[in-house]
Amino acid sequence: MSETQHLTTGSERPIFPDDGVLKLYSMRFCPYAHRVHLVLDAKQIPHHSIYINLREKPEWFPQVSSSSKVPALELVKEPGNPVLIESLIICDYLDEKYPEVPLYPKDPLKKAQEKILIERFGQFITAFYRLVLHDNPDQLGDTDHYAGLDIYEEELKQRGTKFFGGSSPGMLDYMIWPWCERFASLKFNLGANFELNPERFAILLKWRDLMLEDRAVKCFYLDGQTHAKYMSSRRAGNADYNMLYNAAKRAKLE
């Protein structure tokens with residue numbers, strides 16, 4: 001969990017020592033930023049995390065992120081402190097810049113095929129948000145919300161490995177994990193009828209359990225109830241970015 005407060009309108013830009021450590025501008029509940037945290041933690045790359053209130057952003061944040069979005073990674077060792085944006089671009093950069101723990105296959109064809117599967121996952125992401133942000137999901141009728149996951153169930157079955165990356169998680173595992181971690185939130189917000197079918201997705205659900213034991217996943221993990229609580233606040237139009245910070249603050253006072 002993160003006890004760090006999200007910076008907002010009027011917040012001063014944080015000052016860090018000149019230590020050459022990467023600066024990641026993030027939001028604690030953003031699955032795209034989650035991707036970058038996973039790669040940084042998997043490769044054990046030191047970094048400073050700066051959390052941003054995306055509804056009421058600090059005035060200086062557009063000077064950091066050209067898109068005014070997270071994630072944004074400031075490369076403090078490079079001339080001019082360039083900032084990278086977009087989760088997939090950042091993660092690909094990190095895999096090339098810090099090759100000691102490679103997350104992509106070395107073979108160019110296999111690497112390209114992994115990237116295709118990462119790109120195709122966007123279809124499920126769209127369906128996922130249509131479901132969890134809908135005021136009344138039952139009104140969506142007979143829509144198959146999980147059709148986009150079938151190819152990943154079959155792909156992992158064909159590979160016959162614990163993870164998409166083989167015996168340990170690779171880039172594909174980490175790039176789809178943030179949304180898969182949120183599977184556990186569905187029963188809290190939507191009810192048991194919207195949980196993944198254990199017969200249809202037996203292999204993916206086993207993979208999910210294995211991923212929960214991964215060190216990088218544990219570093220940034222939040223349980224289903226916490227994800228559900230945040231998503232409820234977002235659906236109500238008042239995203240509670242500081243939910244964890246405020247809970248930690250109250251706990252210290254008790």
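In this predicted model, tyrosine 25 stands opposite isoleucine 50 of strand S2. The two strands involved, S1 and S2, run parallel and are joined by five bridges. Strand S1 covers residues 22–26, and S2 covers residues 47–51.

Both strands belong to an open sheet of four strands. The strand order is S2-S1-S3-S4, and the pairing is mixed. S2 and S4 (83–85) form the edges, each pairing on one side only. From one strand to the next, the twist averages 20°.

Helices pack against this sheet. H1 touches S1 and S2, and its direction makes about 150° with that of S1. H3 (87–97) lies across S1, S3 (72–74) and S4. The angle between H3 and S4 is about 125°.

Helix H1 spans residues 31–42. At 1.5 Å a residue, its 12 residues should span 16 Å. The end C-alpha atoms are 16 Å apart, so the expected and modelled spans agree. Just after H1, glutamine 44 adopts a positive phi of about 55°.

H1 is mostly covered, with 11 of its 12 residues buried. The buried set includes the charged-group positions Arg35 and Asp41. Also buried are His34 and His37, together with Val36, Leu38, Val39 and Leu40. Pro31, Ala33 and Ala42 complete the buried set. The cover over these residues includes strands S1 and S2. It also includes helices H3, H4 (108–132), H6 (171–181) and H9 (215–220).

Technical notes:
Residues are numbered from 1 along each chain as its sequence is written. This is a predicted model: local features need pLDDT of at least 70, side-chain atom pairs count only at pLDDT 80 or more; totals for chains, interfaces and linings use all residues. Side-chain values use heavy atoms; hydrogens and water are left out. The expected span of a helix is 1.5 Å times one less than its number of residues. Buried means under 20% relative accessible area, exposed over 50%, partly exposed in between (1.4 Å probe, protein chains only). Contact means heavy atoms within 4.5 Å. Two strands pair if DSSP finds at least two bridges between them. Axes are lines fitted to C-alpha atoms, for helices over the stretch in contact, and angles run from 0 to 180 degrees between N-to-C directions.
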